[in-house]
Amino acid sequence: MSFEPDKDLSAPPQARVNPAAPALSVGARTALYVLGTVALASLVSSVLLWQRLSGIQEQLARQSADSGAQAIEARTMARQAQELARDTAARVAVSETRLSEVALQRSQLEELMQSLSRSRDDNLVVDIESSVRLAQQQAQLTGSLEPLEAALKNANQRIERAAQPRLAPLQRAIGRDLERLTRASVTDTAGLLGRLDDLVRQVDELPLLNAVAQASAMRRMANAPDAPATAAAPAADVPRWQAVLYGAWEVVRDEARGLLRVSRIDRPEAVLVSPEQAFFLRENLKLKLINARLGVLARQLDSARADLSAATVSINKYFDPASRRVQNAATMLQQAQAHMKAAELPPLDDTLAALATAAAGR
């Protein structure tokens, strides 16, 4: 058994060609040429691709560098934007704080203006109420409606100048009271006081119911204006001494007629009044009339009417109703009482109620 030496298997096929092999054919050479051309073209294209790839890498590197710069710039701008946003937020917070302070100040100013306006209206209402009540007192003291009319007109003018809608009901109430005062009538206090003074002076001359001698004397005084005519009638035809005798006869006849009087006594206490009692009776009547006069001056009309009623009862009870003076005094007392009923001042209920409502703030 024979052994051949080991062949070099790592040698390329060309090295292992048998030298004794025949030369390559034309087709093989052409194939080799084509393969070399293809390899050369591939190499050229690879070089071109590598160059292009290098350009692309450079371009990408530049773009990456630009992107990095832009990113850095963007980060810088973002940082600036954040700082600006924080600054803007701080400014907005300060502005909101100031706006809230301004709104608070505005609300406080509005409340202050409203309080000032309301306090001004309240002061106006208080002033009007005090002036109206003072005018009422003056009207009660003087018995005249002029203080009330002046106070209400002044109050109406002040309300018109104030131009406050909530005071409109008060203005309407003042208008109604002014109309009521215009239609009202007030008694002449001075004339009423004069009548009472005349009654006080006439008390001493009023004849009592039991004053017979005074009654005859008063009848002679009442007939005195006719006596001269009666005496003068015979004086034209008869001598003077006959006229004197005629006059004496008239006096004697009147005295004789006065010696006897027949009358019906309905009030025995009036007939049994003594001279001392008659004095105190007249003084008591004077005091009642003076009290009535003081009541009229003090505007205490109820008390004055009560005193006049008592004076009327006293005159009708103790004085002679047949006397003309007593009749005139009783008539004057009735007129005074009627005038006192009309002397009451009209109340200002509407104005006072509207003032109370306005003062309460409703």
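Read from the N terminus on, the elements of the chain run α-α-α-α-α-α-α-α-α-α-α-α, and the secondary structure of this predicted model accordingly comes to twelve helices and zero strands.

Some values describe the chain as a whole. Of its 362 residues, 23% count as buried, while the accessible surface comes to about 25,300 Å², with 58% of that area belonging to carbon and sulfur atoms. Among the contacts that join residues at least 6 apart in sequence, 79% are between residues at least 24 apart.

One helix pair can be described in detail, namely helix H2, which spans residues 146–162, and helix H3, which spans residues 168–183. The axes of H2 and H3 lie 10 Å apart, and the two helices pack at an angle of about 155°. Because angles over 145 degrees count as roughly antiparallel, H2 is roughly antiparallel to H3. The crossing in which H2 passes H3 is left-handed.

The residues through which the two helices meet are set out below.

| Helix | Residue range | Residues in the contact |
|---|---|---|
| H2 | residues 146–162 | Leu148, Glu149, Leu152, Lys153, Ala155, Asn156, Ile159, Glu160 |
| H3 | residues 168–183 | Leu170, Gln171, Ile174, Asp177, Leu178, Leu181 |

By class, this contact of H2 with H3 comprises eight nonpolar, two polar and four charged residues. Among the nonpolar ones are Leu148 and Ile159 in H2, which belong to the contact together with Leu170 and Ile174 in H3. The charged ones include Glu149 and Lys153 in H2 as well as Asp177 in H3, whereas Asn156 in H2 and Gln171 in H3 count as polar.

Note on methods:
Residues are numbered from 1 along each chain as its sequence is written. This is a predicted model: local features need pLDDT of at least 70, side-chain atom pairs count only at pLDDT 80 or more; totals for chains, interfaces and linings use all residues. Side-chain values use heavy atoms; hydrogens and water are left out. Axes are lines fitted to C-alpha atoms, for helices over the stretch in contact, and angles run from 0 to 180 degrees between N-to-C directions. Helices (H or I, at least four residues) and strands (E, at least two) are DSSP runs, numbered from the N terminus. Angles under 35 degrees count as roughly parallel, over 145 as roughly antiparallel, 65 to 115 as roughly perpendicular and the rest as oblique. A crossing is left-handed if the near helix is turned anticlockwise from the far one by less than a right angle, and right-handed if clockwise. Contact means heavy atoms within 4.5 Å. Buried means under 20% relative accessible area, exposed over 50%, partly exposed in between (1.4 Å probe, protein chains only). Accessible areas come from the Shrake-Rupley method with a 1.4 Å probe; for residues, only the protein chains shown count as cover.
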